[in-house]
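Hi,

Here is the structure I promised to pass on. Have a look, and then read on for the notes.

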Amino acid sequence: MFFYITLFLIVILLGLKFPQSKTLGVVLMWVLCFLSMFRADSVGTDTFAYMDVGGMLYSYGFNSGDSLFGKSSELITVAIYLIMYYYSLSPRLAIVFFSLVTFFFLYLSLKKLKLSYCIGVVTFLVFF
């Protein structure tokens, strides 16, 4: 836990010290994305649940007799879990996918709004 608190403080300090550095902002995003993808199963409140492929499919209402996506409206999420289930892929795939999507759309949002990447990363950490 000490590592994550220290990282949190370093990112905030760097983001506030060099708010207009696009390169630093992108590097900070990649570092946070990488750490998010390969965090321990015990980090975060939902990580352990996301790693339980069968449990997630059940919670989304998917049964073998149901239509392809059961009763869920989260089609992409269920599709990812179904692919992982049928091809016996690592549950880590879900965490990697969610991390990449999150930081990709953070990047696109900051780019479209023409906001500082460093300040955007700091804001993301503080409010997320």
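Below is what turned up, mostly about the pockets.

First, the small print: this is a predicted model, with local features needing pLDDT of at least 70 and side-chain atom pairs counting only at pLDDT 80 or more, while totals for chains, interfaces and linings use all residues. Residues are numbered from 1 along each chain as its sequence is written, and side-chain values use heavy atoms, leaving out hydrogens and water.

The protein has seven helices and zero strands (DSSP runs, H or I of at least four residues for helices, E of at least two for strands, numbered from the N terminus). Of its 128 residues, 35% are buried, meaning under 20% relative accessible area with a 1.4 Å probe, protein chains only.

Now the pockets (open sets of points on a 1 Å grid over the protein atoms alone, where a 1.4 Å probe fits, with protein on both sides within 12 Å along at least five of seven lines; lining residues have an atom within 4 Å of a point). The largest has about 950 Å³ of space. Its lining counts 24 residues, and Ser-36, Arg-39, Val-43, Gly-44 and Phe-128 are the closest to the centre. α6 gives the largest share of that lining, five residues.

The second largest pocket comes to about 160 Å³. Both α2 and α6 supply at least two residues of its lining, which consists of Val-26, Met-29, Trp-30, Cys-33, Leu-100, Phe-103, Phe-104 and Tyr-107.

Cheers

Technical notes. Buried means under 20% relative accessible area, exposed over 50%, partly exposed in between (1.4 Å probe, protein chains only). Grid points are joined across faces, edges and corners, and a volume is the space filled by probe spheres set on the points.
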